[in-house]
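Me: I would like to learn how to read the surroundings of a ligand and the empty spaces inside a protein. Please take one structure and go through it step by step.

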Amino acid sequence: MDFDLSPEQNAFRDEVERFLDDHDDPEVFDVTRENMAQIVDTPRRRDFMKLIAEKGWLGITWPLEWGGQEGDGVYEYILNEALARRGGPQIGKGVGIIGKTILAHGSDRLKREFLPKILNNEIEFAVGYSEPDAGSDAASMKLRATRDGEGWRLNGQKTWTTSAHFAEWYWVGARTDPDNKHRGITLFLVPLDHPGITIRGIWTMGDERTNEVFFDDVWVSDDYVVGEVNRGFQYISEALDLERFSMFTFSPIEQRLDLLCEFVRTETRDDAPLRADPVVRRQVAQLVTQGEVARVLGLRFVAASMTGGAPPTAEASEYKLYATELSKRLANASMDIAGAGAQLRVKTEEAPMKGRAESTYRYTVIDTIGGGASEIQKNIIARRKLGLPKNF
Ligand SMILES: Cc1cc2nc3c(=O)[nH]c(=O)nc-3n(C[C@H](O)[C@H](O)[C@H](O)COP(=O)(O)OP(=O)(O)OC[C@H]3O[C@@H](n4cnc5c(N)ncnc54)[C@H](O)[C@@H]3O)c2cc1C
C-alpha cells in the first residue's frame, strides 16, 4: 500500500496551509491546549470555522445530496491534521461524528434540520454517553427515558460531557428498555438550554473543562430520536469508531517529537552534548520510529474507511491505542530527558521544549481515557481482530 500523498492531495495540503497562514490568529490557534484545541468554544473560533465552512471544507466526504462533495476521506484527514498541527479548532464532532451518524441512520426530518447547520457551522454539539456508573461499559447507562405522549421524558445524570457549557445540542444516549442492556438504549438530540437541564463544570488535570449534566423531567419529542428506538447502542458504537480516529490527531505528536529532537540536538548535560548520550539517542530513535508507526496506522484507518459501510472498528482502536499511548510515552521521555527544568510550564521563557513536556505530561493521560480507555481498545482488538473470547 502506498502511504505517500498524491500530487492532488499535496496540492490540497498546500492550499490549506496557505489558508491557515492567511488566517493566523493567536486567539484561534493555540497548540498548548493540546488535544482540547479541537473544540470550537469561543466566538473567534466559531468565526474561523465559518470561514472553513465557506471554503466548502466541512462536507468533503458527505453526499452531494446533502451539500457535500463526495470526496475521499484522505482530504478530510489532511485538513484536520493541518488544523491540529496549529492547535486550531477541528471538524471532528459535528461533521465527523454526529453528521455522519445522522447521514447513516437519521430520519429525513433530522437530516433537513441538522445537516445544513452542521455544514454552515451554525451549531455545536456535546456528546453524552458516560455516567457515574457507566464509563467503559457505556451500555450500562441508566439515564431513563420514559414514554410520555408523542415523546419521551428524560431523568438522570451524565458525566464527563465535554463542550456542554457552550454547545447548543446534546447528543445523548438514554435507557428506553430497562430489561435489555444493549438493545434498550436510544439516542436523542436535546437542546442544552432546556430548563430541565443543569450543567456543572469539572476541571481536568490538563486544565480544561468537562461537565456533569443533570436531567430533571426533560421532555423530548419523537422527532428528535436518532434512528430507531432501542438501537442507540449500535449507533453509539459506530460513532465511537469515528471519534477514536477523528478526535485524536497525529500531527501534535509529530510536532512534539520535533521539539524533543531539537532539544536533544542542541542542549548539553554535564558539559557534554545530549546528542552524544547513547541512552538518549536510543530513546529518541525509538520514539521517532514509533511515531512513523502511529502515522501509518492513521492512514490505514483512512484507507479502510474509504471502502464504504460502517467505520472500521479494529483499525480505529489500533490507531487510538497506539497513538495515545505513544503520546504519553513521549511526554514521559521528554520529562526524563530534559531533567528538572522540564517542570517549567508553558509560557515560561526558560522552559525546555516551550513547556510542552510539563503540559503534555499531565494532559496525555486524559487522551488514553477519553473516547474509551486503552484497556477497552485492547479488548476490542482482541475480540474483533483476533477472535479471542469476550471475557474469562
Ligand atoms: C477529559 C475527558 C473528556 C471526556 N469527554 C466525554 C464526553 O464528551 N462524553 C462522554 O460521554 N464521555 C466523555 N468522557 C468519558 C470517557 O469516555 C470515560 O472516562 C471512559 O470511557 C472511561 O470510563 P470511566 O472514567 O468511567 O472509567 P471506568 O470505566 O470505571 O474504568 C476504570 C479503569 O478500569 C479499566 N477497565 C474498565 N473496564 C475494563 C474491562 N472490561 N477490561 C479491562 N479494563 C477495564 C479502564 O480501562 C480504566 O483503566 C471523557 C473523559 C475524559 C477524561
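Reply: Start with the residue classes: Ala, Val, Leu, Ile, Met, Phe, Trp, Tyr, Cys and Pro count as nonpolar, Asp, Glu, Lys and Arg as charged, and the others, Gly among them, as polar. The model is predicted. Here the shell around the ligand has seven nonpolar, ten polar and one charged residues.

Me: How many residues surround the ligand, and which are the closest?

Reply: A residue is near a molecule if one of its heavy atoms lies within 4 Å of it. In this model 18 residues surround the ligand. The closest are Val127, Ser130, Ser136, Trp160 and Glu375.

Me: Which elements give two or more residues to that shell?

Reply: To answer that, look first at the contacts themselves. A polar contact is a pair of N or O atoms within 3.5 Å. Val127 has a polar backbone atom 2.7 Å from a nitrogen atom of the ligand. For Trp160, a backbone N or O atom lies 2.8 Å from a ligand nitrogen atom. Glu375 uses its side chain: an N or O atom there is 2.5 Å from an oxygen atom of the ligand. The elements you asked about are β1 (125-128) and α11 (374-385). Of the elements, α11 gives the most to the shell, with three residues.

Me: What share of the ligand's area does the protein bury?

Reply: Return to the side chain of Glu375, with its N or O atom 2.5 Å from a ligand oxygen atom. Taken alone, the ligand exposes 980 Å², and the protein buries 64% of that.

Me: Now the empty spaces. How many cavities of 30 Å³ or more are there?

Reply: A cavity is a set of points where a 1.4 Å probe fits but cannot get out. The count for this model is three cavities of 30 Å³ or more. The largest cavity holds about 200 Å³ of space. Its lining has 18 residues, and those nearest the centre are Val40, Gln90, Lys93, Gly94 and Glu124.

Me: Which helix gives the most to the lining of the largest cavity, and how do the residues divide by class?

Reply: Helix α4 (residues 92-105) gives the most, with four residues. By class the lining of the largest cavity divides into ten nonpolar, six polar and two charged residues.

Me: How does the second largest cavity read?

Reply: The second largest cavity holds about 140 Å³ of space. It is lined by 14 residues; Asn35, Thr249, Ile253, Ser327 and Asp367 lie nearest its centre. Helices α7 (251-266), α9 (313-338) and α10 (356-367) each supply at least two residues of this lining. The largest share, four residues, comes from α10. By class, the lining of the second largest cavity has five nonpolar, six polar and three charged residues.

Me: What is the volume of the second largest pocket, and which residues lie nearest its centre?

Reply: A pocket, unlike a cavity, is an open set of points. The second largest pocket has a volume of about 840 Å³. Its lining has 35 residues, with Thr61, Glu76, Lys100, Leu242 and Ser305 nearest the centre. Two or more lining residues come from each of α3 (73-85), α4, α6 (232-246) and α8 (278-305). Helix α4 provides the largest share, seven residues. By class, the lining of this pocket has 16 nonpolar, 14 polar and five charged residues.

Me: Last, single residues. Why does Arg33 count as buried?

Reply: Buried means under 20% relative accessible area. Arg33 counts as buried because its relative accessibility is 16%. Arg33 sits in the loop between α1 (7-22) and α2 (43-54). Its side chain joins that of Asp41 in a polar contact of 2.8 Å.

Me: Is Glu34 buried or exposed?

Reply: Glu34 has a relative accessible area of 10%, so it is buried. Glu34 is placed in the loop between α1 and α2. The C-alpha atoms of Glu34 and Val220 are separated by 35 Å, and these residues are 186 residues apart along the chain.

Me: Where is Arg362 placed, and with which side chain does it make a polar contact?

Reply: Arg362 is in helix α10. Its side chain makes a polar contact of 2.7 Å with the side chain of Glu358. The relative accessible area of Arg362 is 15%, so this residue is buried.

Technical notes: Residues numbered from 1 in each chain as written. Predicted model: local features only at pLDDT ≥ 70, side-chain atom pairs only at ≥ 80, totals over all residues. Heavy atoms only, no water. Polar contact = N/O pair within 3.5 Å; in protein donor to acceptor, adjacent residues only side chain to side chain. Areas by Shrake-Rupley, 256 points an atom, 1.4 Å probe, with all protein chains shown as cover. 1 Å grid on protein atoms, 1.4 Å probe; cavity = no way out; pocket = protein on both sides within 12 Å on 5 of 7 lines; lining within 4 Å. Points joined across faces, edges and corners; volume = space filled by probe spheres on them. Buried < 20%, exposed > 50% of the residue type's maximum accessible area, 1.4 Å probe, protein only.
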